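Colleague: Could you take me closely through one part of this model and what lies around it? I would like a connected account rather than a list.

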Amino acid sequence: MRILLVEDDKVLADALSRALVQSAHAVDHVSTGEEADHALTLAIYDLAILDIGLPGLSGLDVLRRLRARRSTIPVLMLTAFDSLEDQVKGLDLGADDYLAKPFDLPVLEARVRALLRRGSNSTPYLEHGLLRFDTVGRRVFHDKKSLDLSPRELAVLELLLMREGRVVSKEQMVNHLYGWGDEVGANAIEVYVYRLRKKLEPLGCEIRTVRGMGYLMERADAED
């Protein structure tokens, strides 16, 4: 999924970005409230990780403006101050969760997974016939046998399963799989879908190409 990380501490931001990218998320990083507010008006994100103590426009101001635009994307607030007042203020403004610094990366990653599931009305498992995607462990099984998929293949499959029965365009895949600084080849999506197909088709799982529109994984209950 595509995540906006708003953090002015470069060391922390680099560590968080690397961890999230390793979990096959696309991450855009900005370091000021003004940049965050601008990014949130231009792009569609699945989650925002927003530090409260930002230079200039504060994280709370960014959150206030985001919710004033009636955006419902999940927001995880970060702060160096574990005060009840900060927690109440952020939650009252529409934050979905709150994490005080310092924190362990596994804790943040678990919060991120929970918020992404909540935002997509999903469960820890995505299923398609005998195919079962463990979104927490980032593993895929078919009839209880583990499949060997690359992080990008996992990300493509997750997006198709989350939107099962609906066409997913190449543009949507690029927007969800890549951040601003990533170089995206002209045929990158086709390559990942091709590789994924080679692994899934022998198992009876088909990814359809809808010409001129994108890709579709039929609903499992519609395959009979």
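Modeller: Helix α1 covers residues 10-22, and because a helix should advance 1.5 Å a residue, its 13 residues should span 18 Å, which agrees with the 18 Å between its end C-alpha atoms; the expected span is 1.5 Å times one less than the number of residues, and helices (H or I, at least four residues) and strands (E, at least two) are DSSP runs, numbered from the N terminus. Its buried residues are Ala-13, Leu-16, Ser-17, Ala-19 and Leu-20, where buried means under 20% relative accessible area, exposed over 50% and partly exposed in between, with a 1.4 Å probe and protein chains only. Seen down the axis of α1, these buried residues fall within an arc of 165°, so they line one face of the helix; the arc is that of the directions from the helix axis to the C-beta atoms. The face turned away from that buried side carries the exposed residues Lys-10, Val-11, Arg-18 and Gln-22.

This is a predicted model, in which local features need pLDDT of at least 70 and side-chain atom pairs count only at pLDDT 80 or more, while totals for chains, interfaces and linings use all residues. Residues are numbered from 1 along each chain as its sequence is written, and side-chain values use heavy atoms, with hydrogens and water left out.

At the N-terminal end of α1, Asp-9 acts as a cap, with a side-chain oxygen 3.1 Å from the backbone nitrogen of Val-11, and after the helix comes Ala-24, whose phi is positive, near 70°.

Ahead of the helix, Glu-7 sits in the loop between β1 (2-6) and α1, and Glu-7 counts as buried because its relative accessibility is 1%. The side chains of Glu-7 and Lys-101 are joined by a polar contact of 2.9 Å, that is, a pair of N or O atoms within 3.5 Å, of which, within protein, one must be able to donate a hydrogen and the other to accept it, residues adjacent in sequence counting only if both atoms are side-chain atoms. Leaving aside neighbours within four places in sequence, Glu-7 is in contact (heavy atoms within 4.5 Å) with residues including Leu-12 and Ala-13, as well as His-29, Asp-51 and Lys-101.

On the buried side, Leu-16 and Leu-20 are among the residues that Leu-108 touches, residues up to four places away in sequence not being counted.
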